[in-house]
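Here's a quick tour of a two-chain model. Have a look at it first, then read on for the notes.

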Amino acid sequence: MTKLLRPTTLVSILVVLLCVVMAFAPQLIAPGDPLAGTPRDRLLPPSAEHLFGTDSLGRDVFTRVVHGAWLSLAAATLAVGIGGLVGGAIGLLCGAARGRVGTAIDFVVMRFVDVLIAVPGILLALIVVATLGFGPWSIALGVGLGAAGSFARIMRAQVLRVRGEEYVEAAAVLGVRPLGVLSRHILPNAARPVLAMAALELGTAVLSVSAISFLGFGVAPPAPEWGSLVSAGRDYIATSWWLTVLPGAVIVGVVLAVTRLARVIGESR
Amino acid sequence: MTRAGTALRLVAPKVLQFAFVVWATYTVTFLLVRVLPGDPVLAALAVQSGDATTVDPEQLAALREQAGLDGSLLEQYLSQLGALLTGDLGTSLATGRTVVDMIAGVVPGSLAVAGLALVIGVLTSVVLAFLASIAPWRWLRDLLVQLPPLGVAVPAFVTGLILISVFSFSLGLLPASGSRSGDSVILPAITLAFPVGAIFFQVFITAIREAEASGYVFTAEAKGLGRAAVFGRHVLRNALLPSVTSIGLLIGYLAGGTAVVETVFSREGIGRLVVSAVLARDVSVIQGVIIVVAVVYALAALLVDLSYPLIDPRLRPGKAAPKPAAASTFSIVPEADALTSATTDPKNGAAK
């Protein structure tokens, strides 16, 4: 428990909770309308009234960042979910098959997984986006497939590690069927590092999703999304720094918090 | 066994591995494009004409043939693979030029940025690691070790825009965009150097910790050598060796990062090519770039693998000394992904 009480960990948990609130109930934090602007108030610097200033249409940037959390975080979470499921399944099967019937299958599949890890994730995501069409959900699929390789590798490593433990051998000797061993003994014991990996990949996914949105392949304007918010501020970088720096700082904060939690989860007891 | 025979036995598997990486990358991208719903030719045409419903079937068939997308899946796969073997990456759906031409035209710009970024990133992290090891104050050492997560967490597009704002608009020192003048390469390279340096730093500092725990460092300290001398003579050289293997990971980051950086700085390059290909739904160009990146990556891996025994005398064949476990040769992907090494270290798991 003590490691949960470390200040950096507490702050990280707080940031993640704040993200959940922003994603599901943005009105609680920013009651305004993210799409409504007052042209008279355009490009105002940050103040008490507009925490993050206003953009070129007089819209409140803070409100747009808070309301943009849903798309950014949902796409990133979905990406990690896809990557975790696809990669986890591959890793699980390879790990379980190795040494029994499928050592050769395991070898070949894992070499493909190596390639999936080696190819830059953002390029894989972009080829998916170009095939499927633009939008946050095809970005999520692309980023997820890019992350699947890492999940497959770590899942396989964990399954192989746990399979050698005495309690798994004991269960097998006691006559528990292979599927039962897998679900009751191997999976729960392999879960922790996979979970740490998922947290780490969530940070990477937030970065990739916002990068691809920044490039202009995400949600269509005027809907707010973190990457496209930074992109929209690009034309005003010389005069209105808050349009890019503040949404960017939010991305950095979230990624740092998630990465920190990944470390905490992954630390051995 | 002759000398040449031994050399061949060492080199052949690595060359085979190189060929495999390229083939597997082609297969993965081919499957991705084909398994996902959506017709790349129709999509590209729709972008060009702005309307997908009025496509002339003859024009469509001609375009399919030109792009090598006609016939059954297996035929397409084999014919494209055959073309790949002769160095042909297909034809762009959007421009009609060959993909090889398009990529070759923009490679120098990207290489300049990526190369400079690699140099800046690696040099900075070596200096920072040096400081983190010999700084007399504990808080400074801790602070320096905490830096890399920040380098990875800041999106390149934010770093780039801030650099433009400060160095181009406020100070007026460097150009904000374009690729004509020589100094236009500096800001994009610095932007890319942040994540690349951060990743290298993490691999490097782990290797340093490992070297510091070894017997020869203990001996050197016992002899009474100063901290800087121990670091420079014993730790640095031994830590750099395993770190060289992370070059593959770095190449991946550099290749992926160019897409964002070249867009931010409006430079011609591979990344820009990919971004405009996505805009035009030009799948064959993106596939070509991914294969080229995989070739560069696999080539780097091959070179590192082959040069390793040259750098490290302990790994030369024929030496009686047992191979040290720490100096493992290059696997297809560096095993300890820098970011995850803390969470996935197999030793931690086993020692628990």
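## Ground rules

Two residues count as in contact if their C-beta atoms, placed from the backbone, lie within 7 Å. This is a predicted model, so local features need pLDDT of at least 70 and side-chain atom pairs count only at pLDDT 80 or more, while totals for chains, interfaces and linings use all residues. Residues are numbered from 1 along each chain as its sequence is written, with chains lettered from A in the order in which they are written.

## Where the chains meet

On chain A, 51 residues are in contact with 55 residues of chain B. α10(A) gives the most to chain A's side, with eleven residues; helices here are DSSP runs (H or I, at least four residues), numbered from the N terminus.

## A bent helix in chain B

Helix α10 of chain B covers residues 227-244, and its 18 residues should span 26 Å at 1.5 Å a residue (times one less than the number of residues). Its end C-alpha atoms are 24 Å apart, which agrees. Still, α10(B) bends by about 45° at V235(B), taken as the angle between axes fitted to the seven residues ending there and the seven starting there.

V235(B) is also among the buried residues of α10(B), as are F231(B) and H234(B). Buried means that 20 or more other C-beta atoms lie within 10 Å of a residue's own, all placed from the backbone. The cover over these residues includes α5, α8 and α9 of chain B.

Terms used
Helix = DSSP H or I, 4+ residues; strand = E, 2+ residues; numbered from the N terminus. Buried ≥ 20, exposed ≤ 12 C-beta atoms within 10 Å, placed from the backbone.
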